[in-house]
Amino acid sequence: MKTESMITADNLWFTYDGEDIPALQGLSLDIKRGSKTAVMGANGSGKSTFFLCLNGILRPQKGALSFCGAPYSYDKKSLLNLRSRIGIVFQDPDNQLFSASVRQEISFGILNLGADNETALRETEKIMDALDITELKDRPTHALSGGQKKQVAVADILVMHPDIVILDEPAAALDPKHTDMLNKIIDQMTESGITVLISTHDPDYAFSWADQIILFHQGKVLKAGSPLEVFSDRPALNLTNLSQPAVLSIYESLCRKKMINEKFPAPRSLMELLHFIEGI
Amino acid sequence: MMLIDQYGYRSGLRKVNVMEKFCFSVTTLLLCILSRSFSVSILVLLSLGWLTIRKGGIPVRRYIKLMRIPAVFLLLSTLAILVNISKTPLDAYAVPAGPYYITGSTESVIFGLRLILSSLSAVSCLYFLSLSTPVTDLIGILKKLRCPALLIELFLLIYRFIFVLMSEASAVRISQESRLSCRNFKTAVRAFGGMASALFIRAVMRSGRLYDAMESRCYDGTIRVLLEEYPPKKKEIICMILFELLLLSITIGRNIYI
C-alpha cells in the first residue's frame, strides 16, 4: 500500500510578489500513501510555501504537482475537491480560528463540504470527543489556551476526513504537556491510515516518529530518505541548521567505543536505546 | 477576554432561547422609553437587575460597577436640565453663590430624574441581553431577522479580530514598555503611533493568513457554521408576556389618570 504515490512535485518554482528570490527553486519530491513524513529545514527554506502549494492556496509558477497521479487543476471545483482531501493545520492557530465558538469553528469545514446541519453536528461532536475537547465546545475561541487552540485547529481539519493532513510546525509555542497531547493525536491519525506531513525543527521527534525525512534548503530538497539516512548526513544537517537526534549521537558514540555492535539497528528513541543498553 | 463577553458565556440565562431574550429586552426597552414613567422605570430597573444578578449569576458589585458607567454619563448630560444658574431662586432648590443662585425648578428636576431613570432602565435592558447572551448566539438572532449575510460575516470576523488585535496590541505595548516607551510624553506619543502602525500592518497580514486558512477549508464566499439553538419554553414566554402586559397597563393607566 505504502508504495503508491499520493503527492508528486516536480521542479516547482514559486516567487512571492515583490520578492527577488524564489521561495521554491526547483523542488521535487514524492509522498507515499499512509507515510509519515517530516519536512525539515531552516526558516525561510520554503516549507510553508510548499504546504500552501499542496493545498492549492498558492499556484507554482513553474513545475508540476500531482495528487494520486492526477495533475493539479486550479478551477473552483477541482480546488474544492483537492482541499477536501488535503487538510492543512497552520502554524499559528490564531491565523486559522475565526469563529466565535469552538463548535462553530469545527463545523465550518464540514458544512462547506455540503453536509447538512444534522450530519455536521454529529461529525463535529464525534471529532471533539475523539480529541477530548468536548468540554470546550461552547467556549469562545479567543478564550482558549495555546494548546487548546492547536487541538481545535487539528479538529477543524480532521472533521473533513482528509486523506492527507499537513501540520505546519505543530509543536511551535506549545508546552511539553500539550506537545505530547498533540503527538498522540498525530499518532492516531497515522494509525487510521491518514498520510501525515509535518514540518518540525525537533530532530528527536522527527527521528522517532517519521518514516521519511525531507530536508529543505533554499527552496529545494537537499536530502530525502529514511531518518537514519538523513540524520547521518552531517554536512546536510549543518547546512539546514539542524542537529543530530540525541539518541543517534549517543548510539554512534557507543558504537565507536565498541559498547554496542553496529550490526544492531539504530534505536529510534531514548527509551529504545535504554532497553538496548539494558539488554547488553 | 472582555468582561462582558465572559459574563455572557457564564450566565445562568445563557441557555434561555436567544429570540426570547432578545424580544423581551427590546420590548421592555421600548416600553421604558415610550412610557417615561417613574414606576415603569423603577420596576424595569429592579426586575431586570434581579434577573441579571440572581438568575444570570453576575456579581452584584460588578453589575453596579457596570451601571455606574452610563449613570455618570447620564448625570453629566442631564446636569444642564437639573441645574440652573440664575439671579432669582426657583421653586425646587436654591443655593446662593454670591449674587447668583445655583437653582432648579421642580418641573425640570422631575423631568431630569425621569430622563435618568428611563435611560438607566433602558440600559439595564441592554445589559440583560449582553450579560446573558454571548456574541455567538447573537449571530442566530441576526440570521432570524434576515440580516444580510455579508453583515453577519463582517460581524463574526470583526468580533474575532477584536480579540486577536487586542492581544497583539497588548504584546506590542508590553514590549514597548519594557524598553521605556513611557519615559515622557513625547516617547509615549511616539510609542502609541508605532503601536498603531504595527497593528495596522499586522491586521492586514493576519487577515490575509486567515483568508488562506478559510480557503484551505473549502470556503467559497459564504461562512457556514452551526448555530446554538436553545428551544423556547412556554413558562418563560408566559412570564415575559405577563411582565410586558404589566408595564403596558401601568403606562396606559398613567396616561388615562393624568
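Which pattern does chain B follow, read along the sequence? The order is α-α-α-α-β-β-β-α-α-α-α-α. Chain B thus holds 9 helices and 3 strands. Helices (H or I, at least four residues) and strands (E, at least two) are DSSP runs, numbered from the N terminus. The model is predicted: local features need pLDDT of at least 70, side-chain atom pairs count only at pLDDT 80 or more, and totals for chains, interfaces and linings use all residues. Residues are numbered from 1 along each chain as its sequence is written, while chains are lettered from A and ligands numbered from 1 in the order in which they are written.

The C-alpha trace of chain B spans about 70 × 60 × 30 Å along its principal axes. Its radius of gyration, taken over C-alpha atoms, is 24 Å. The globule rule (2.2 Å times the number of residues to the power 0.38) gives 18 Å for 258 residues, so chain B is more spread out than a compact globule. Of these 258 residues, 25% count as buried, with 20 or more other C-beta atoms within 10 Å of their own, C-beta atoms being placed from the backbone. Contacts require C-beta atoms, placed from the backbone, within 7 Å. Among the contacts in chain B with a separation of 6 or more, 71% join residues 24 or more positions apart.

Within chain B, helix α2 (residues 18-35) packs against α6(B) at an angle of about 75°. Their axes, lines fitted to C-alpha atoms over the stretch in contact, lie 9 Å apart. Angles run from 0 to 180 degrees between N-to-C directions. The two helices are therefore roughly perpendicular, a term for 65 to 115 degrees. From α2(B), B:Val18, B:Met19 and B:Phe22 meet B:Asp137, B:Gly140, B:Ile141 and B:Lys144 of α6(B).

The contact between the chains takes 27 residues from chain B and 32 from chain A. On the chain B side, α1 (3-10), α6 (135-144), α7 (149-177) and α8 (185-215) each supply at least two residues. The largest share, 7 residues, comes from α8(B).

The largest nonpolar core has 85 residues. A nonpolar core is a set of buried Ala, Val, Leu, Ile, Met, Phe, Trp, Tyr and Cys residues joined through C-beta atoms within 7 Å. A:Val89, A:Ala155, A:Val165 and A:Ile166 touch the most other members. Helix α5 (residues 146-158) of chain A gives the largest share, 6 residues. A second, separate core of 19 residues includes B:Leu31, B:Leu51, B:Cys125 and B:Tyr127.

Notes. Two residues are in contact if their C-beta atoms, placed from the backbone, lie within 7 Å. A residue is buried if 20 or more other C-beta atoms lie within 10 Å of its own, exposed if 12 or fewer, and partly exposed in between; C-beta atoms are placed from the backbone. Angles under 35 degrees count as roughly parallel, over 145 as roughly antiparallel, 65 to 115 as roughly perpendicular and the rest as oblique.
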